[in-house]
Amino acid sequence: MEQEQQHSEALERAAHPVRHEDFDRFVATISALRAPDGCPWDREQTHQSIAHNMIEEAYEAVDAIESGDAAHLREELGDVLLQVVLQSQIASDQGEFDIDDVAADVNAKMVRRHPHVFGTSEATDAAEVLSLWDQVKLAEKKAADENAAQAGSADAGDHGELEKPAGLLDGVPVSFPALMQAQKISRKAAAAGFEWDTLADVWDQVESEIDELNEAYGQAPKAANGKVEGDPEAMARIEEELGDVLFSMVNVARRMGVNAENALRASCRKFRGRWAAMEQMAFEQGVRLEDVSTKQQNELWKLAKEQERR
């Protein structure tokens, strides 16, 4: 009874949203920039011409989040919003859709994918929420495939063949960073039932992939410094086996509830911080870090780690 009341209250709040007058003014501003008497640069933009801006602004927003700078984040989120509204205005000018359609679609998706808030499902923690999310997404794909099949069946009399439904992994952009792509792919596959029973099983897979990598590397011709050379096929096999190791480690991260992309970004950030500290210490000693011995570099590395703990 209490849960039903909470769901009812959530739906009531969703039905009476807060007004966002500044957002409406911003949408009007972008519309004016695209108008015949607006900005020449804005008027000539297409979906394709500014697509790269979406990626750049998103990454800059992530950098602001990781730096903990709220003022910078506010600015960068505005730049991300600019890309969303401008792309929507371009679509509106072409009669495709407008920003209201975008908002309506994503709102419907959020309600649909949170049945524990707006429906009768239950989820007591974040892990159960993610499981529900994946179940709803699979149901959405199944419904889309059935609709496509019905439409194809209606057209089959004219064309003689049915349209193949979209693949489960087709919705994972190949432009994603590799770790992010791997985690999305493995998560979708796991939601469809392609999953190890335990985390220990995943670790067994990691060890198996490492063995295969070592075997491929051991059989390859190598230079004195240990780098593979002179055999493109051997290099291709090693790259393939190393990729399998990385992919299996992403599955470890997923099973642990860890975002592999975030984890590696954090490690890169940590390494950069330590390296900068080492450079500073070397500078204070009147030398360049790259000019000191490996032993000295290791000593500076230890000092940099100790500085982090203070």
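Start by selecting Asn259, which caps the N-terminal end of helix H12. One of its side-chain oxygens lies 3.0 Å from the backbone nitrogen of Glu261. Keep in mind as you click around that this is a predicted model.

**Along H12**

Now extend the selection to the whole of H12. How far apart are its end C-alpha atoms? They are 36 Å apart, which agrees with the span that 25 residues should have at 1.5 Å a residue. Color the buried residues next: Ala260, Glu261, Arg265, Arg274, Ala277, Met278, Met281 and Ala282. Notice that Glu261 turns up again here, as one of the buried residues of H12 and as the partner of the Asn259 cap.

What do the buried residues of H12 pack against? Show helix H4 (51-67), together with H9, H11 and H13, and you have the answer. Then step off the end of the helix: H12 is followed by Gly286, which has a positive phi, near 80°.

**The nonpolar core**

Stay in this part of the chain and select Ala277, Met278, Met281, Ala282, Leu289, Val292, Leu300 and Ala304. Together these 8 residues form the largest nonpolar core. Both H12 and H13 supply at least two residues each to this core, and H12 gives the most, with 4 residues.

Pick out Ala282 and show what surrounds it. Leaving aside residues up to four places away in sequence, Ala282 touches Val287, Arg288, Leu289 and Leu300. Two of those names, Leu289 and Leu300, should be familiar from the core list.

**Next door: H13 and Leu303**

Move over to H13, residues 294-309, and find Leu303 there. Is Leu303 buried, partly exposed or exposed? With a relative accessible area of 37%, it is partly exposed, because that value falls between the 20% and 50% cut-offs. For a distance check, add Gly226: the C-alpha atoms of Leu303 and Gly226 are 30 Å apart in space, and the two residues are 77 apart in sequence.

**Back to H11**

Select residues 232-256 to light up H11, a helix of 25 residues. From its first C-alpha to its last, H11 reaches 36 Å, close to the 36 Å expected at 1.5 Å a residue. Zoom in on its start, where a side-chain oxygen of Asp231 comes to within 3.1 Å of the backbone nitrogen of Glu233. At the other end, just after H11, look for Gly257 and its positive phi of about 80°.

Now color the buried residues of H11: Ala234, Ile238, Glu241, Val245, Ser248, Val250, Asn251, Val252, Ala253 and Arg254. While you look at how they are placed, here is a handy bit of background: an α-helix has 3.6 residues a turn, so residues three or four places apart point the same way. The cover over the buried residues of H11 includes helix H9 (178-191), helix H10 (199-219) and helix H12 (260-284).

**A stop on H10**

Since H10 is on screen, select Glu215, which sits in that helix. Glu215 is partly exposed, with a relative accessible area of 42%. Add Glu44 and draw a line between the two C-alpha atoms: they are separated by 55 Å, with their positions 171 residues apart along the chain.

**Over to H6 and H5**

Jump to residues 99-112, which make up H6. This helix has 14 residues and reaches 20 Å from first C-alpha to last, close to the 20 Å expected at 1.5 Å a residue. Its N-terminal end is capped by Asp98, with a side-chain oxygen 3.1 Å from the backbone nitrogen of Asp100.

Then go to H5, residues 70-93, and select Gln89. At 11% relative accessibility, Gln89 counts as buried. Which residues does Gln89 touch, not counting those up to four places away in sequence? They are Val27, Ile30, Ser31 and Arg34.

**Zoom out**

Finally, show the whole chain: 13 helices and 0 strands. The radius of gyration is 26 Å, well over the 19 Å that the globule rule gives for 310 residues, so the chain is more spread out than a compact globule. Along its principal axes, the C-alpha trace spans about 65 × 50 × 50 Å. Color by burial and you will find that buried residues make up 23% of the 310 residues. Switch on the surface for a last look: about 21100 Å² is accessible, and 54% of that belongs to carbon and sulfur atoms.

Methods:
Residues are numbered from 1 along each chain as its sequence is written. This is a predicted model: local features need pLDDT of at least 70, side-chain atom pairs count only at pLDDT 80 or more; totals for chains, interfaces and linings use all residues. Side-chain values use heavy atoms; hydrogens and water are left out. The expected span of a helix is 1.5 Å times one less than its number of residues. Buried means under 20% relative accessible area, exposed over 50%, partly exposed in between (1.4 Å probe, protein chains only). Contact means heavy atoms within 4.5 Å. A polar contact is a pair of N or O atoms within 3.5 Å; within protein, one must be able to donate a hydrogen and the other to accept it, and residues adjacent in sequence count only if both atoms are side-chain atoms. The radius of gyration is taken over C-alpha atoms; the globule rule is 2.2 Å times the number of residues to the power 0.38. Accessible areas come from the Shrake-Rupley method with a 1.4 Å probe; for residues, only the protein chains shown count as cover. A nonpolar core is a set of buried Ala, Val, Leu, Ile, Met, Phe, Trp, Tyr and Cys residues joined through side-chain atoms within 4.5 Å.
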